[in-house]
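Q: Can you walk me through this one? I'd like to start with a strand and what sits on it.

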Amino acid sequence: MDASSSTGVEAMLDRAAGSCLARGAQLTALRRQVLRLVLASPQPIGAYALLDQLRAERPGAAPPTVYRALDFLQEHGLVHRVERLNAFVGCAGPEAHHHCGHGHDHPHQFLICSKCGATAEICDDRVAHAVADAARIAGFAPHRTTVEVEGVCAACR
């Protein structure tokens with residue numbers, strides 16, 4: 001996720017708003033603000049950390065406020081939940097997945113650094129096919145696949 005600059009974050013937010021409109025949904029000011037916080041975070045960020053940051057501008061914000069916004073953002077493919085960390089990251093977006101053709105409906109694969117917490121989203125068809133084949137052999141029909149791999153990133157090695 002290259003959201004290091006405020007210009008990059010704003011461009012991503014504008015694309016997200018357009019994507020929502022195309023689906024008949026609206027990226028409200030609150031949802032946009034939560035997405036901005038997720039995108040600007042250098043690491044996956046938890047709901048309560050988001051709430052703490054959100055309260056700086058919205059003192060009355062409560063946990064349901066953040067959870068509803070995160071549910072919407074997940075539903076529209078704008079963020080992913082990293083289960084292992086119980087935290088959220090912005091979706092790398094269709095531009096990052098043009099090579100695999102999945103767009104926002106791609107299988108979720110994350111590389112999580114156990115030292116610094118950096119999380120990289122990848123899209124590897126071989127992993128997705130291996131999981132799908134194993135599920136089929138077991139007689140299982142998955143609805144969603146998330147693969148999370150813990151290890152050490154290049155910077156920490």
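Q: Where is Leu111 found?
A: This is a predicted model. In it, Leu111 is in strand β3, which covers residues 108-113.

Q: Is Leu111 buried, partly exposed or exposed?
A: Leu111 counts as partly exposed, because its relative accessibility is 39% and buried would mean under 20%.

Q: Which residues form a nonpolar patch on the surface?
A: Leu111, Ile122 and Val149 do. Together they have about 210 Å² of accessible area.

Q: Ok, now the inside. Which residues of the largest nonpolar core touch the most other members?
A: Those are Leu27, Leu35, Leu50, Leu70 and Leu73, out of 26 residues in that core. Helices α1 (6-22), α2 (29-40), α3 (47-54) and α4 (63-75) each supply at least two residues of the core.

Q: Why would nonpolar side chains be together?
A: In soluble globular proteins, they tend to be buried together.

Q: What is Leu70 in contact with, leaving aside its neighbours within four places in sequence?
A: Leu70 is in contact with Val34, Val38, Ala47, Leu50, Val79 and Phe88.

Q: Switching to cysteines. How many disulfides are there?
A: The count comes to zero.

Q: Why does Cys116 have no bond to Cys156?
A: The closest cysteine sulfur to that of Cys116 is in Cys156, 3.7 Å away, so it is too far for a bond. The cut-off for a disulfide is 2.5 Å.

Q: And which cysteine sulfur is closest to that of Cys156?
A: The one in Cys153, at 3.6 Å, which is also too far for a bond. Cys156 is partly exposed at 26% relative accessibility, and Cys116 is partly exposed at 29%.

Definitions and conventions:
Residues are numbered from 1 along each chain as its sequence is written. This is a predicted model: local features need pLDDT of at least 70, side-chain atom pairs count only at pLDDT 80 or more; totals for chains, interfaces and linings use all residues. Side-chain values use heavy atoms; hydrogens and water are left out. A nonpolar core is a set of buried Ala, Val, Leu, Ile, Met, Phe, Trp, Tyr and Cys residues joined through side-chain atoms within 4.5 Å. Buried means under 20% relative accessible area, exposed over 50%, partly exposed in between (1.4 Å probe, protein chains only). Helices (H or I, at least four residues) and strands (E, at least two) are DSSP runs, numbered from the N terminus. Contact means heavy atoms within 4.5 Å. Patches are made of residues with over 30% relative accessible area and no salt bridge: like charges are joined within 9 Å, nonpolar side chains (Val, Leu, Ile, Met, Phe, Trp, Tyr) within 5 Å. Accessible areas come from the Shrake-Rupley method with a 1.4 Å probe; for residues, only the protein chains shown count as cover. A salt bridge is a side-chain nitrogen of Lys or Arg within 4 Å of a carboxyl oxygen of Asp or Glu.
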